[in-house]
Amino acid sequence: MSGATRIAPGRSYTSVAKLLHWIMALMIFGLIGLGLYMEGLPFSPDKLKYYSWHKWAGVTVFVLVLARLAWRARHRPPALPTTMSPLMRAAAHGGHAALYLLMVAIPLTGWLMSSAKGVPTVWFGVLPIPDLLDKNEDLGDLLQATHKYLNWVFIATLLAHIGAAFKHHLVDKDDILTRMLPNFTRETKT
Amino acid sequence: MTTTSNGFAASFALSAGLVFGGLSLSAHAIDYEGIIAEQSTVSFRYTQMGVTLDGQFRQMDGQLSFDPAKPEEASAVIEIDLASITTGMREADSEVQDKAWFDTGNFPTARFESSAVTSIGEGRFEVAGTLSIKGMSRPVVVPATFRTDGDIAVFEGQFDLLRGDFSVGEGAWAKFDILANEIQVHFNIAAKAAR
């Protein structure tokens, strides 16, 4: 595969990878927004409802990131442009590794936090998710702080991710941004 | 009626004990009086957005009189300190003291007073009575089992109540889509043998 010319099919992500990327992007923005909003609400039925929705969506994102990692392990992403310096390549790989790590760690801390706080998660109100910890309020508070702190790191990393994508598109004028867009494959084929 | 006759039964038993102090009463089954609050629990289970949660009242007290030979003469008054609630969600523990919930400032205790006890066999009973919460009284029939544990008696049972019947959760909470109406109450009440 690597023996092909530079404009090889491997320059774009697979449709599955793109689909997972964009579904998760939308869900993660929603989850962060909802998380920040619901935390400050006074105790109310709406607050309980939003917490449940947040947990359901969080569990969904956790399942999706595992599927995405499994997919990625079998479908290597396209190589970075040769115009990138070794430092920039290291930054890109490091940034992506951080994003994956956070996409796993954040739902996991949310799950652990729910267990420790004694309010287990029932996925969509139907499927109970096993408790990984026994009830322990102090540990619950610690996990809540961790969940929140990791999200601030996540927000910063996402801003860098989005900023880098636009920098590649507008300044470097390479295909880093477009190769993740839904119609890139079709355009290159023509 | 029952309360009076039980009061009489209790005082009769007491006088009998005084008069025949030295005599063995072992031919007669032991009867029980007085609740051991520290060994008694009242807990509840409820559903919030499909999640089952457990709560408990940490403080309760009451009077009880029970002669296994004459269960129909038994009586009980149980008083629960509502402010001693733990809901299973820390944030809710203080919330449920408010007016929309138990309004513990005006109605600090929930009270159950028995009116009739019916034996349904094998240490099982149906206790009819009145449950009062937040100024509202409703008739209830509560199943209970009786067993002995050393020289104490343990009465255990569970029943469902509807929080809406007692206006527990008003305003935004009056709908049952987020927090279910049904509350499963479980009690385990210890009583000491009468002397």
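**Confidence**

I began with chain B, which averages a pLDDT of 86, with 85% of the residues scoring at least 70. This is a predicted model, and I read each entry below on that footing. I then looked up where the pLDDT of chain B is low: it stays under 50 over residues 1-28. For that stretch the model has 14 contacts beyond four places in sequence. For the complex, I noted an ipTM of 0.79 and a pTM of 0.82 from the predictor.

**Between the chains**

I looked up the contacts between the chains and found 13 residues of chain A in contact with 15 residues of chain B. On the chain A side, the largest share comes from helix 2 (residues 45-74), which gives four residues. I sorted the chain A residues that touch chain B by type: seven are nonpolar, four polar and two charged.

**Cores**

I went on to the largest nonpolar core, which has 37 residues. Within this core, B:I80, B:I189 and B:A191 touch the most other members. Strand 11 (residues 182-193) of chain B gives the most to the core, namely six residues. I also noted another core that lies apart from it, of seven residues, including A:I28, A:L31, A:V65 and A:I106.

I took B:I189 for a separate look. Leaving aside neighbours within four places in sequence, I found B:I189 in contact with B:I35, B:S40, B:I78 and B:F155.

**Strands 8 to 10 of chain B**

I followed strand 8 (residues 124-133) of chain B into strand 9 (residues 136-149) of chain B; the two pair in the antiparallel sense over ten bridges. As one register point I wrote down B:G129, whose bridge partner in strand 9 is B:V140. This hairpin has two residues between the strands, and B:K134 takes a positive phi near 55° there.

Strand 9 of chain B also pairs with strand 10 (residues 152-162) of chain B, in the antiparallel sense, over five bridges. Here I recorded B:T148, with B:A153 in strand 10 as its bridge partner. This hairpin too has two residues between the strands, and in it B:G150 takes a positive phi near 65°.

**Positive phi in loops**

Most residues other than glycine have a negative phi. I therefore checked two loop residues that are not glycine, starting with A:K173, which has a positive phi of about 50°. A:K173 lies in the loop between helix 4 and helix 5 (184-189) of chain A. I counted 9 C-beta neighbours inside 10 Å, so A:K173 counts as exposed.

The second was B:E122, which has a positive phi of about 50° and is not a glycine. I placed B:E122 in the loop between strand 7 (109-121) and strand 8 of chain B. B:E122 counts as exposed because it has 7 C-beta neighbours inside 10 Å.

**A:L133**

Last, I looked up A:L133, in the loop between strand 2 (127-128) and helix 4 (137-172) of chain A. Is A:L133 buried or exposed? A:L133 counts as partly exposed, because it has 16 C-beta neighbours inside 10 Å. Leaving aside neighbours within four places in sequence, I found A:L133 in contact with A:L112, A:S115, A:A116 and A:L139. I also took the C-alpha separation of A:L133 and A:S114, which are 19 residues apart along the chain, and found 8.9 Å.

Key. Residues are numbered from 1 along each chain as its sequence is written. Chains are lettered from A and ligands numbered from 1 in the order in which they are written. This is a predicted model: local features need pLDDT of at least 70, side-chain atom pairs count only at pLDDT 80 or more; totals for chains, interfaces and linings use all residues. Two residues are in contact if their C-beta atoms, placed from the backbone, lie within 7 Å. Ala, Val, Leu, Ile, Met, Phe, Trp, Tyr, Cys and Pro count as nonpolar, Asp, Glu, Lys and Arg as charged, and the others, Gly among them, as polar. A residue is buried if 20 or more other C-beta atoms lie within 10 Å of its own, exposed if 12 or fewer, and partly exposed in between; C-beta atoms are placed from the backbone. A nonpolar core is a set of buried Ala, Val, Leu, Ile, Met, Phe, Trp, Tyr and Cys residues joined through C-beta atoms within 7 Å. pLDDT is the predictor's confidence in each residue, from 0 to 100. Two strands pair if DSSP finds at least two bridges between them.
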